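Q: Could you take a close look at the salt bridges here and walk me through who pairs with whom, and how accessible the partners are?

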Amino acid sequence: PGERKLFLTLPFGSMPNCSIGVMTLKALAKSLLAWRTILALVVIALIALPIVVAVGISAPDPWVAEMQVPDVASSTEARALASRVKDQVLSASELEELLATEGEINGLLELANRAFPRLAGVAQITSSGLEVTVSLHVPENPLGGYLNFRAGVVPSAHGLEFSHSSLGKLSFSGGVTKRLFRFLLDLALSDDQGSMFIDDIESVAIRDQAVAVRFRPIENMDRRLSGLRDRFAAVREELGVLGDPALVGLYHRQLCEFDALNAAGRPVSLAAYLATAFELAADRVTIGNDVIAENRAAILALGMALGDGRIEVLIGSVSPEDRAGCRNNHSYVRLGAREDLRLHFIISAVLQAIADGSVSSAVGEFKELLDADLGGSGFSFVDLAADMAGVRLAESLLGDPSSARRVQAMLAETREEQLFFPSISDLRENLPQAEFELRYGGLEDARYQAVVAEIARRIDSLPLFGE
C-alpha cells in the first residue's frame, strides 16, 4: 500500500570517511555471517556428536553371547575370591598379593549374569595378561541392541597397566584406557579415591593361569570407607530411591511396640509381625496416603527389625524413638517354626523392594549352591521356597495399586502363615554337592526346574496371591 522510504543518517562526514563506513559495515556483515556459520556448525556438532558416538558404540550382536550357568563349583570359587578381596584389601598392614584365577573371576561374572540377565561377561587369562569382555543388552532402539566392551590388563612391574580397550567400534590405547579408568573411578568414588586405589597397586603378574596383584597397604582405610559411606548416604538421601527414612521409622516403631508385648520372648509367628505392620499401612492408606509407598516402608521396616541390621545402611537411620522397645535378638520370631526361614523370607522381600526379582532369586540360589559345597548345610529347596515366597509377597505389595491394596488388607486381617507361605513338608534339603548334582544336575536342568516350578505353583495358589 504505497511506497515507503527509510532515511539513515550516518555521521561519517566527508565522502572518503563515508566510503570507509560503508566498507566497515560490509566487513561487519561478513563477520556476523561467519559467526552465524560457526555457531550453526557448533550446534550441528553438538547434536550429531552423541549420535555418532552412539552409532560407534552400539552393535546388533553381543561379543559375549552365552554364559555358563552357576554351579556349586563356580559359586564356591566366586565366594573364595570375594572373601580374599575382603580379607586382604580391607585389612592389609603390609605388602600383600591377591591371586585371582580365571575360574574365580568367571564365577563372579556368572553370578552377575544370573542376577542381571542383560549383563554378560567373560574373562580370559593368558601369558599376555587378563582380558575381560562384557556385553550389555540395552532396551530396544534403532542404533543397536548391545553395548560391548573389552579391556586388557598386562603384566607390569610398575603398577596397573592396560594394553588396550574397545567400546563398540571405538578403540583406545593402553595409556588412554588407564586415564579413562582413573577418571571414571575418581568420578564414582570422589575425592580422588579411585586414583589412590590405583596408585597403591605395585605390580601385576601372570602365574599359573592366575592374575597376581601386589599392592601396598591402603592408607587411612577406615577414613576412606567412612567417606564412601557418607557419599552413599548423601546420594541415597538426595535421590530418595528407597523412600523416606522417617516413614520407615514410623513402621519400625510400630513393630518395636508390638515386640515389647512379648516380654518373655516366646516363639511368635512372622505372620503376627506382618499383620502389625500392614494394619498400620492399611490405616494410613485409608486417610489418603499412597499404597505403594506405605507397603514399601513396611517391608523395609520388617527387614530392619527382623532381617539384617545392615539394611539400615541402604535405607537411612531411624531415630532412637523409633527403636524403643525393640530387641536385638529375634530368634523367637519363626516362619514354618524355624528362624532361618523367617530370615530367608524377609531378606528376599527386602531385596525385591530395593532391586528386582532376578537379583533376589540369584542371591537365594547362590546361597544354596554354597551350602551344597563341603562344609555347608547342603542345598535346600525349603530355603528356596522361603526366598521365592518373600519375593512374591513384595511383588504383590509393590505392583498394581488395587492388587497391592487387597494384599495389604488381607495381611492386616489374618495372622496365619498359610495365607502367604506354601507347604514345604515334602521338599528336600541338606543335599550335599554330589547328591544335588546327581538328582538335579544344575540350575538349568529340567529336574531342578521342575521342582522350582512346583514351588512357584504352590505359592501362586495361596489365598494371598490367588485371583
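A: Let's start with the burial terms: a residue is called buried when its relative accessible area is under 20%, exposed when it is over 50%, and partly exposed in between. Bear in mind that this is a predicted model.

By that yardstick, E161 is partly exposed, because its relative accessible area is 28%. K178 comes out at 19%, so this residue counts as buried. The side chains of these two, E161 and K178, meet in a salt bridge, with 3.2 Å from N to O. E161 sits in the loop between strand 5 (146-153) and strand 6 (162-167), while K178 belongs to helix 4 (residues 174-189), so the contact ties together parts that are 17 residues apart in sequence.

Helix 4 has another pair to show. R182 and D199 join their side chains in a salt bridge, again listed at 3.2 Å, N to O. This one links distant parts of the chain: R182 is in helix 4 and D199 in helix 5 (residues 193-199), 17 residues apart. As for accessibility, D199 has a relative accessible area of 42%, which makes it partly exposed. R182 is partly exposed too, with a value of 22%.

Now for a pair within one helix. E339 and R342 meet through their side chains in a salt bridge of 3.6 Å, N to O. Both are in helix 11 (residues 339-354), and because they are 3 residues apart, about one helical turn separates them. E339 is partly exposed at 33% relative accessible area, whereas R342 is buried at 2%. There is also a network to look at: R338, D340, D383 and E429 are joined into one by salt bridges that share partners.

How many salt bridges are there in total? The count is 18, taking a side-chain nitrogen of Lys or Arg within 4 Å of a carboxyl oxygen of Asp or Glu.

While you have the model open, scroll along from D199 to the hairpin formed by strand 8 and strand 9, which has 2 residues between the strands. Strand 8 covers residues 201-207 and strand 9 covers residues 210-215, and they pair in the antiparallel sense over 6 bridges. One of the residues to click on is V204, whose bridge partner in strand 9 is V213. In the turn, D208 has a positive phi of about 50°.

Note on methods:
Residues are numbered from 1 along each chain as its sequence is written. This is a predicted model: local features need pLDDT of at least 70, side-chain atom pairs count only at pLDDT 80 or more; totals for chains, interfaces and linings use all residues. Side-chain values use heavy atoms; hydrogens and water are left out. Two strands pair if DSSP finds at least two bridges between them. Helices (H or I, at least four residues) and strands (E, at least two) are DSSP runs, numbered from the N terminus. Buried means under 20% relative accessible area, exposed over 50%, partly exposed in between (1.4 Å probe, protein chains only).
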